[in-house]
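Visitor: I would like to learn how charged side chains pair up in a protein, so could you take me through an example step by step?

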Amino acid sequence: MQITTTEFHFRKPNKEDGASAWELVKHTGNLDLNSSYSYLMWCEMFSDTSIVVVRKDTQKVVGFISGFIHPEKPDTLFIWQVAVHESARGNGLATKMLLQLLDRSACNDVEFVEATVSPSNTPSKRLFLGLARKFETNWKISDYFTAEDFPESGHEDELLFKIGPFEK
Ligand SMILES: CC(C)(COP(=O)(O)OP(=O)(O)OC[C@H]1O[C@@H](n2cnc3c(N)ncnc32)[C@H](O)[C@@H]1OP(=O)(O)O)[C@@H](O)C(=O)NCCC(=O)NCCS
């Protein structure tokens, strides 16, 4: 059954959401799971450029984006991790999270979105290319982190997707 985005609450995370964000990322299975500490810290310190989605009926966190303003490019919102619980995928939640982040005052000066995407991750590629389409703006894909950059074997390349400029 298709669920509508009105059944979800989108808001800034706080440190109480850190544990849920960690659980959600762990549950996705294909994202690099960082320490639980890092999610608590992220939700506490980077909440202005991050977002959670809470299901209104269960109060469970089913969506999370960790983002930050690029330290060397104040016009660029870098999206680190995007996760939507499998029960809620395909309903536009990830797209809506990105749109809401871009609408925040913390992103007033943002003209570009950057994110790294592994070549095999079709939903992620479509998410960011869809953002370019919605804003009728440009996109560029370039090499960034290669498999050899990672200390462990089996990690895919991470391509850099750059979307923009945005006219907001
Ligand atoms: C990637 C992810 C966040 C997308 O979440 P979502 O809420 O389902 O995404 P949306 O509904 O906003 O869809 C975004 C686009 O991706 C497409 N898409 C979503 N799931 C897809 C799938 N399984 N296969 C192909 N395309 C898919 C949608 O059709 C949409 O494209 P469109 O705008 O051209 O129609 C979700 O699949 C997920 O959490 N995956 C596991 C973690 C992950 O890989 N995160 C991304 C890397 S950081």
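**Salt bridges in this model**

Guide: A search of the whole structure, which is a predicted model, finds six salt bridges.

Visitor: What is the distance from N to O in the salt bridge of Lys15 and Glu16?
Guide: Side chains of opposite charge can pair when their charged atoms come close. For a salt bridge the nitrogen must lie within 4 Å of the carboxyl oxygen, and the side chains of Lys15 and Glu16 meet in this way, with an N to O distance of 3.3 Å.

Visitor: Is Glu16 buried or exposed?
Guide: A residue counts as exposed when its relative accessible area is over 50%. Glu16 has a relative accessible area of 55%, and therefore Glu16 is exposed.

Visitor: Which residues are joined with Glu114 into one network?
Guide: Lys73 forms a salt bridge with Glu114, where the closest N and O atoms are 2.9 Å apart, and this pair links the loop between β3 and β4 to strand β5, with the two positions 41 residues apart in sequence. Lys162 also forms a salt bridge with Glu114, at 3.1 Å between the closest N and O atoms. Because Lys162 lies in strand β7 and Glu114 in strand β5, this pair ties together parts that are 48 residues apart in sequence. Through these shared partners, the residues joined with Glu114 into one network are Lys73 and Lys162.

Visitor: Does Glu114 count as buried or exposed?
Guide: Buried means a relative accessible area under 20%. The relative accessibility of Glu114 is 2%, so Glu114 counts as buried.

Terms used: Residues numbered from 1 in each chain as written. Predicted model: local features only at pLDDT ≥ 70, side-chain atom pairs only at ≥ 80, totals over all residues. Heavy atoms only, no water. Buried < 20%, exposed > 50% of the residue type's maximum accessible area, 1.4 Å probe, protein only. Helix = DSSP H or I, 4+ residues; strand = E, 2+ residues; numbered from the N terminus.
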